[in-house]
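Subject: Structure for you to look at, with notes

Dear colleague,

Here is the structure I promised to hand over, together with its sequence. Please open it beside this message, so that you can follow the notes on the model itself.

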Amino acid sequence: MKKIYLILLLSTIYQFASAQMSRVGNDSLIIHFPIGIDPSRLTMMEGLRLHYRVDIIDALPRLQMQVWKFQNEADRNAFLTIWGTYVAALEKSVLQVSEPKKARPRISEDTITIASANYWSQTFLRRCPQAGNTVVKVAVIDVGIFTSTGNTPQNALLNRYFDRDSSRNFTQETDANSPVQDKSPFLHGTRVAGVIANIYDSLGMNSAFQKLTIFKAFNQNGEANLWHILKAIDACIAQKIQIVNLSFNYTANWPPRIGATQPKLLLETAINIAKNYNMLFVTAAGNEGSNVDNSQNVGFFPTNFRCDNLIKVAADSIGMQPASFSNYGGNSVDIAACGTVVVAGRNDTLMVSSGTSFAAPIVTALAAIEASKLSSFDWWAVKQALRIRFKPTIPTGWQSKLQTTGGVLKPICD
């Protein structure tokens, strides 16, 4: 009987052959099923659930992903031993959900800080309304947002553009005043949102309907697990978000190939799936000062992802050369933007902040400005519209460090 049962399972292997798996914990896996296949209708699913005593404890229907919980680690390992060789990409050794993904700020005190801060305030924040009237839905997946009742201009901006009703918290952190409260010491999410709000205000985005949705996927230490980020992306699809800011980057071991199959990360899969929902993502290139093209042993994610609907942003120093901390890559990085900004801090103060985390939301905000001029949102059209804001030629300091289709952003009012 057992032999017949296994033969029946093997006879339906083709239905499962392109699934992806990733560890969640010692007894769980994330499994992704190809778009167009309903996991609940796979003939082998019930058999696998009975044989391995699997419970489905969470699911993301729009991303076609589920978390399978086994009774114990031995059952999970037995499942991997038999079925792992059949899946298109086994992520176990590439990206574990238990590994933290960090939204890491960089506070710079080098000699260019003052000049770069002036470049931000004097050239990127001059009043020059350019926005259109089409509503653009923008989300920030980060540590949350800190707002108070203070009446300073910066805090007023955040309160004006913050969409409290549509924002969500996917962590276990709670706060009586706001479910998406930024409790991180450096207010990473608050500063990212502040960059977007400043540009919105400078370029005439109407705060009555051009709002920012905040998805809290990172805790107060600036760490998230993969599943929380995936849940936030799934929520973006559900709410029909059009532009998503991802001001985080992380590294992981990156073997070029596992067996005969190129590894495929679940986060990369999610971003590519979101393309089918007409969604554009903007991500920070990272602050290691590294060439992310050289990733034989270490991968820089999401910068190394192959997603047409993903813009990777490096940090520029006063419009001519890479900031000392910024990652770069002639095959990987699209755009460079000002990497030092002045934005809202705690207790209604202002903070000078440096990092690709703050270059990315400049691009996010400008993408939203360009989208507001279109009759309807189209991620490809928005991406092309950004090119008119590049310097005519890539400055010498950036040559070979950005993709040939990319460039360095000109000041907003040029």
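The notes below take up the disulfide, the aromatic pairs, one alanine and one pocket in turn.

Please keep in mind throughout that this is a predicted model.

I begin with the cysteines, since these may be what you look for at the bench. A search of the whole structure finds 1 disulfide, and the two residues that it joins are cysteine 128 and cysteine 413, with an S to S distance of 2.2 Å. This link brings together distant parts of the chain, for cysteine 128 sits in the loop between helix 4 and strand 7 (138–142), while cysteine 413 belongs to the segment after strand 20 (407–408), 285 residues apart. The link of cysteine 128 and cysteine 413 is left-handed, with -75 degrees about the S-S bond. As for accessibility, cysteine 128 has a relative accessible area of 14% and is therefore buried, the cut-off being under 20%, whereas cysteine 413, at 25%, is partly exposed. Two further cysteines can be placed in the same way: cysteine 236 is buried, with a relative accessible area of 0%, and cysteine 307 is buried as well, with a value of 7%.

Next come the aromatic rings, of which the structure holds 8 pairs. One of them is formed by tyrosine 52 and phenylalanine 70, which meet edge-to-face, at 6.5 Å centre to centre and with 80 degrees between the planes. Because tyrosine 52 lies in helix 2 (residues 45–52) and phenylalanine 70 in the loop between strand 4 (65–69) and helix 3 (73–83), this pair ties together parts that are 18 residues apart in sequence. Both tyrosine 52 and phenylalanine 70 are buried. Another edge-to-face pair consists of tyrosine 119 and phenylalanine 124, with 5.4 Å centre to centre and 75 degrees between the planes. Tyrosine 119 counts as buried at 13% relative accessibility, and phenylalanine 124 counts as buried at 0%. Ring pairs also bring in a tryptophan here, linking Tyr119, Trp120 and Phe124 into a cluster.

A single residue that repays a look is alanine 314, which is found in strand 15 (residues 310–317). Alanine 314 has a relative accessible area of 0% and is buried. When its neighbours within four places in sequence are left aside, alanine 314 is in contact with a set of residues that includes Ala285, Ser326, Asn327, Val333, Ile335, Thr356 and Trp398. Between the C-alpha atoms of alanine 314 and glycine 289, which are 25 residues apart along the chain, the separation is 9.9 Å.

Finally, there is the second largest pocket, in which about 210 Å³ of space lies. It is lined by 14 residues, and those closest to its centre are Pro153, Gln154, Leu157, Asn198 and Leu350. Three helices each supply at least two residues of this lining, namely helix 4 (113–124), helix 5 (153–161) and helix 6 (188–202). Sorted by class, the lining of the second largest pocket has 6 nonpolar, 5 polar and 3 charged residues.

With best wishes

Note on methods: Residues numbered from 1 in each chain as written. Predicted model: local features only at pLDDT ≥ 70, side-chain atom pairs only at ≥ 80, totals over all residues. Heavy atoms only, no water. Helix = DSSP H or I, 4+ residues; strand = E, 2+ residues; numbered from the N terminus. Buried < 20%, exposed > 50% of the residue type's maximum accessible area, 1.4 Å probe, protein only. Contact = heavy atoms within 4.5 Å. 1 Å grid on protein atoms, 1.4 Å probe; cavity = no way out; pocket = protein on both sides within 12 Å on 5 of 7 lines; lining within 4 Å. Points joined across faces, edges and corners; volume = space filled by probe spheres on them. Nonpolar A, V, L, I, M, F, W, Y, C, P; charged D, E, K, R; others polar. Disulfide = S-S within 2.5 Å. Phe/Tyr/Trp six-rings, centres within 6.5 Å; stacked < 30°, edge-to-face > 60°.
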